[in-house]
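Student: Please take a close look at one part of this model, the salt bridges between its helices. Which side chains meet, and how exposed are they?

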Amino acid sequence: MIEVGAPDSGPRDVVVGAGRALPDRAPVLPLRDTVTFPDMVIPLNIGQERSIELINDALRGDRSIVMVSSRNAEVETPGPDDLYSVGVLGVVARMVRVPDGTLRVLIQGGQRVRIERWVQTEPYLVAEIADSPDIVNQTPELVALMRNVQQTFSSIIEQVPYLPEELQVMVANVDDPSALTSLIGGSLRISTEEKQALLEERDVAKRLRRLSEILARELEVVAIGSRIQSQVQSELDKGQREYFLRQQMKAIQEELGEADEAQAEVNELREQLDAIDLPEEVRKQAERELGRLERLQPAMAEYGVVRSYLEWIAALPWDKSTEDNLDLRHAREVLDADHYDIEQVKDRILEFLAVRSLKPDARGSILCFVGPPGVGKTSLGRSIARALGRKFERISVGGVRDEAEIRGHRRTYIGAMPGTIIRALRDAGSNNPLFMIDEIDKMGADFRGDPSSAMLEVLDPEQNDSFRDHYLDLPFSLANVIFITTANNLDTVPGPLRDRMEVIQLAGYSEEEKLEIAKRYLVPRQVERNGLRRSMISFTDAGLRTIISDYTREAGVRQLEREIGSVCRKIARQVAERDGPARRRRISVTEPRVRELLGKRRFFSEARRRTARPGVATGLAWTPVGGEVLFIEATAMQGKGQLTLTGQLGEVMRESAQAALSYVRANAGALAPELDDDWFARHDVHIHVPSGAIPKDGPSAGVAIAVALASLLTGRPVRSDVAMTGEITLTGQVLPIGGLKEKALAAQRNGIRIVIAPALNEQDVDEIPAHLRSRLEFVFASEISEVLGVALQRRRATERPVAVA
């Protein structure tokens, strides 16, 4: 065994510093997607500030630098842990400054070195180095390996256009095995990892053997590519030959008067239908229509109608389906990756998959996701389809008023076509896709029919196994299709249609849930959409909370995503206006930065200001777009005992106000003993719910109205941190309500600390997230007296009731 230094590979254009002793330490130049080999001349473009400073210092010194490849090309500024430990010691032979500020340098590679210890990281990397010479064992095997590598590489040069022919002569004239591996390794287009492995191998025989394996693989790839190219050329030649023959045959037929394009169309349709496993009834109808088509002249109007009908039959997936992925663990991972929380929905999907895995032919129920806009109803359907491995098709029925949109038009009409269900099946390409029917609560009805009635057949598992579209007039089974519908409000969905669906409520998100959703999904998506990278921008939790609380007021996250997108666009503009290295400086979106970018605060908690005076109570209401806070105001004036209600109140809410006033009048002696017996006869009472342009109705405002009246009579303001919901009876009982989770979320958004709810709704608290329950105090009352004890502030000794004063 003989240890030698890196051999010379022949004459070179520039030789600087030859014969110089190895320095103890040297500056390290990181390379991206590039590996240098000993004794190779390599041109480099230098753009980073620290690399430019390194080259300038090297030119002022002995010009020695160590070139080391980076393990990860994506790292902008690699550190010691990001670099390999073996590189090449080189000398800067030539340097040219480019007008854009970068450098173009020519470096003469020298010997291979190993980095022993990093001694400096700023302003650039410096390391202690040690020589890493080759180990050469002169054996017949080494000679054989060299010849094999030379022959294989020569064969590759002959077939690869990016390798010059002069390289073949250079390789043949190299006698030194180390120089041969350096020359070939630096010329091949192989991965950085493979080149680095060649560089780090000190044993020349092992390096030649590894290089021989790489060359054999590359030669096989080149051979496969050549074979593919030959096949493609052969196909092109065959296609051109067939084209010329067809053109000649067409000319001959035209000369003989035997051309019949109509028959060719019929034959093509017949071949398509024969290739499909059609049901017997469909097969008979198709054959009958094909016979009619053969007898019709192409100029006849009915010819196009029959041909379109047959094309639709051939385009439907009668015998095509996808295989369900029933792996519950995979489904859970997909659902968790796409959506945060909503455990009830995820559990229901997993239950469906579990039943399918035990009974593959089981009929699944139709799910209906009900919730405010922006809570992820449609995207949840996409996730379910991805978890199952099914095709996904979205059908929007919002504003549909024509029954033919669902069932199609009969073929007697000009321009008739199938309905949206059959069209979606054609687009899906399988007979078991997942259909997401959006906005089912917004279907209308007029003189053209009732589409919701047509939807009954589609969504009824007992009927949809033989769904008939008016255009096709053939049964198509929808039994294998999974239907998921979405709605904002179930009140507008007809009862028979609602009876066929399993309703799953998506109430909305708390502030903590919105924060997690923003961090996991919204911020990465908006950063990518606006051309930024994670290295350019970061959002702090405080910044996101500011956007959530001060710039959005919604149950979902749609407006939140828009505001995050607005911040990203403004940051993108700031980045684009920067020059040079300043562009790479990361911008942190903090609370002050949010206020600077989005302007003044848009939403405030008004509970403290609005309830400062007696006669104002904070109520909680449910709306199709989530929970809302209502301020109910009551005042009294000299009059004749009349009740005035304003604020666009519905009939149910007006009756609640009448009941609340009757209860307060009946119990006035207990509530405010100071009042005269004829006080109500001498005063008019006015109840107003602000935001008068918005219609309001519902059976859950009675408690809040009664508290507002009691506050007015007693002169005790309602606590600003208390909100309430519930209906009241004439005897003072508090009746249960719906939508407690939505109302609790609205209370949290408005800074409410205590929520008063009916005692019979205590079981609904389990649906509210634990972190929200910990921040809100729930008081469950069965009598209005319990509500008044919590809601009204204590009267000070100097205060008198407003009504008396």
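Tutor: In this predicted model, the side chains of R525 and E561 form a salt bridge, with 2.9 Å from N to O. R525 belongs to helix α17 (residues 511–529) and E561 to helix α19 (residues 558–576), so the contact ties together parts that lie 36 residues apart in sequence. The two partners differ in cover: R525 is partly exposed at 35% relative accessibility, whereas E561, at 15%, is buried, because the cut-off for buried is under 20% relative accessible area.

A second place to look is the pair of helices α10 (residues 328–338) and α11 (residues 343–358). Here R332 meets E343 in a salt bridge of 2.5 Å, N to O. R332 lies in helix α10 and E343 in helix α11, 11 residues apart. R332 also meets D347, at 3.5 Å from N to O; D347 is in helix α11 as well, 15 residues from R332. R332 has a relative accessibility of 23%, E343 has 33% and D347 has 36%. Each of these values counts as partly exposed, because each falls between the 20% and 50% cut-offs.

These contacts belong to a wider set: R332, D336, E343, K346 and D347 are linked in a network of salt bridges. In general, side chains of opposite charge can pair when their charged atoms come close. For the model as a whole, the count comes to 47 salt bridges.

Key. Residues are numbered from 1 along each chain as its sequence is written. This is a predicted model: local features need pLDDT of at least 70, side-chain atom pairs count only at pLDDT 80 or more; totals for chains, interfaces and linings use all residues. Side-chain values use heavy atoms; hydrogens and water are left out. A salt bridge is a side-chain nitrogen of Lys or Arg within 4 Å of a carboxyl oxygen of Asp or Glu. Helices (H or I, at least four residues) and strands (E, at least two) are DSSP runs, numbered from the N terminus. Buried means under 20% relative accessible area, exposed over 50%, partly exposed in between (1.4 Å probe, protein chains only).
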